[in-house]
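User: I am new to this structure and would like to go through its charged residues. Please take the questions one at a time.

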Amino acid sequence: EEILCGLFAEVLGVPAVGIDDNFFALGGHSLLATRLVGRVRSVLDAELSVRQLFEAPTVAELDRVLDGVGRGRVPVVRAEVRPERLPLSFGQQRLWFLHQLGGIGAAYNIPLALRLRGELDREALRLALGDVVARHESLRTVIAEDAEGAYQVVLDAGVEVAWSVLQVTEIQLSERLEEAARYAFDLTTEIPVRAALFELGPDDHALLLLMHHIATDGQSVGPLRRDLVTAYGARVNGTDPRWPVLPVQYADFAVWQRELLGSEEDPDSVVSAQIAYWREQLAELPAETELPADRPRPATASHHGDRVEFTVPANVHAKIQAFALENNATAFAVLQAALGLLLSRCGAGEDVPIGTPVAGRGDDAVDDL
């Protein structure tokens, strides 16, 4: 119980947790639940599911659940000897497939724009970006293909990062950023990151870091910003950055994932069982969800999305949170249920498929990648 209290507090970012405090009442949600499950696996060598945490959300309840669970799965570790042909992870394989379809363009680009005010050492910033790319192999990985299929090739740490400096006005900035963000990567020859620095004045700049989703995701932004700041601070002072060695690289994760899940050709493998499960679950779904639209569906997807912003009143948010706690759920689960109901009433039927992005970071070793 003492160890669990410490893990709850660590993941939730609070000073202390009592044995009867509810994880979700203290601000826990599904992403933090996944992190807690990973920490329990690492520290206590116990394989807990997120569902079990929802059903036993206090330390006292979870302690009893842990008595009946199995040992933790094999952790992600650095490969002692890497295979000559590095496999793609399943996430990389999915994005490579979409890339090959063509016509996707910049749909899977992830732009990160930072406004930089004050004195800027451009050369230090350029070198710092190179330091980050050298530190993270995924940012200097290209995809190759042979008779056996696609595989990843990690380029040397000294690979050049595409870097441009442009002078713009405040009025031009938004348009120039959008234009730069629409760049289409060639994943076979180019590393999946490039940078553009926009100068608005002597002490006013905007930095665009453009990355492809095959190498980064939402949770990568934290480590990326932290490492870039660390490297820039060092380069401004004329030194190399000093940071702890990463316990694993993304290629190590891909090798581990393939070994853990096994081959689709093996009917007894974990991946075969999971594919069979999802084939059954999705078997009766229609090819598309019928909804009343204000225009016909185009024959070819343009991949031009948009965003509609609105504000949820504080009292509504509070009621959603309270309702979720009463039902051992998160606010996310309540909103997903409401969305399913809305789509159903709009003509989507009674079995409504809703996609949910997941972080895929179930092991401490990959937190800083």
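User: Is Arg 297 buried or exposed?
Analyst: The model is predicted. A residue counts as exposed when its relative accessible area is over 50%. Arg 297 has 57% relative accessibility, so Arg 297 counts as exposed.

User: Which residue forms a salt bridge with Arg 297?
Analyst: Side chains of opposite charge can pair when their charged atoms come close. For Arg 297, the closest N and O atoms of the pair are 3.3 Å apart. The partner is partly exposed, with a relative accessible area of 37%. The residue that pairs with Arg 297 is Glu 288.

User: How far apart, N to O, are the side chains of Asp 294 and Arg 295 in their salt bridge?
Analyst: Asp 294 counts as exposed at 67% relative accessibility, and Arg 295 counts as exposed at 60%. Their side chains meet in a salt bridge, and the N to O distance is 3.1 Å.

User: Which residues are joined into one network by salt bridges that share partners?
Analyst: A salt bridge needs a side-chain nitrogen of Lys or Arg within 4 Å of a carboxyl oxygen of Asp or Glu. Where such bridges share partners, they join residues into one network, here made of Arg 115, Arg 117, Glu 170 and Asp 204.

User: How many salt bridges does a search of the whole structure find?
Analyst: The pair of Arg 297 and Glu 288 is one salt bridge, and the pair of Asp 294 and Arg 295 is another. A search of the whole structure finds a total of 21.

User: How many residues apart in sequence are the parts that Glu 10 and Arg 39 tie together?
Analyst: Glu 10 and Arg 39 form a salt bridge, with the closest N and O atoms 2.8 Å apart. Glu 10 lies in helix H1 (residues 2–12) and Arg 39 in helix H2, so the pair ties together parts whose separation in sequence is 29 residues.

User: Is Arg 39 buried or exposed?
Analyst: Arg 39 is found in helix H2, which covers residues 30–44. Its side chain also makes a polar contact with the side chain of Asp 364, at 2.4 Å. Buried means under 20% relative accessible area. Arg 39 has 17% relative accessibility, so Arg 39 counts as buried.

User: Which residues gather in a patch of negative charge on the surface?
Analyst: Asp and Glu count as negative. One member, Glu 61, is found in helix H4 (residues 59–66) and is partly exposed, with a relative accessible area of 30%. The patch consists of Glu 1, Asp 20, Asp 21 and Glu 61.

Note on methods: Residues numbered from 1 in each chain as written. Predicted model: local features only at pLDDT ≥ 70, side-chain atom pairs only at ≥ 80, totals over all residues. Heavy atoms only, no water. Patch = residues over 30% accessible without salt bridge, like charges linked within 9 Å, V, L, I, M, F, W, Y side chains within 5 Å. Areas by Shrake-Rupley, 256 points an atom, 1.4 Å probe, with all protein chains shown as cover. Charge placed at Lys NZ, Arg CZ, Asp CG, Glu CD. Helix = DSSP H or I, 4+ residues; strand = E, 2+ residues; numbered from the N terminus. Buried < 20%, exposed > 50% of the residue type's maximum accessible area, 1.4 Å probe, protein only. Polar contact = N/O pair within 3.5 Å; in protein donor to acceptor, adjacent residues only side chain to side chain.
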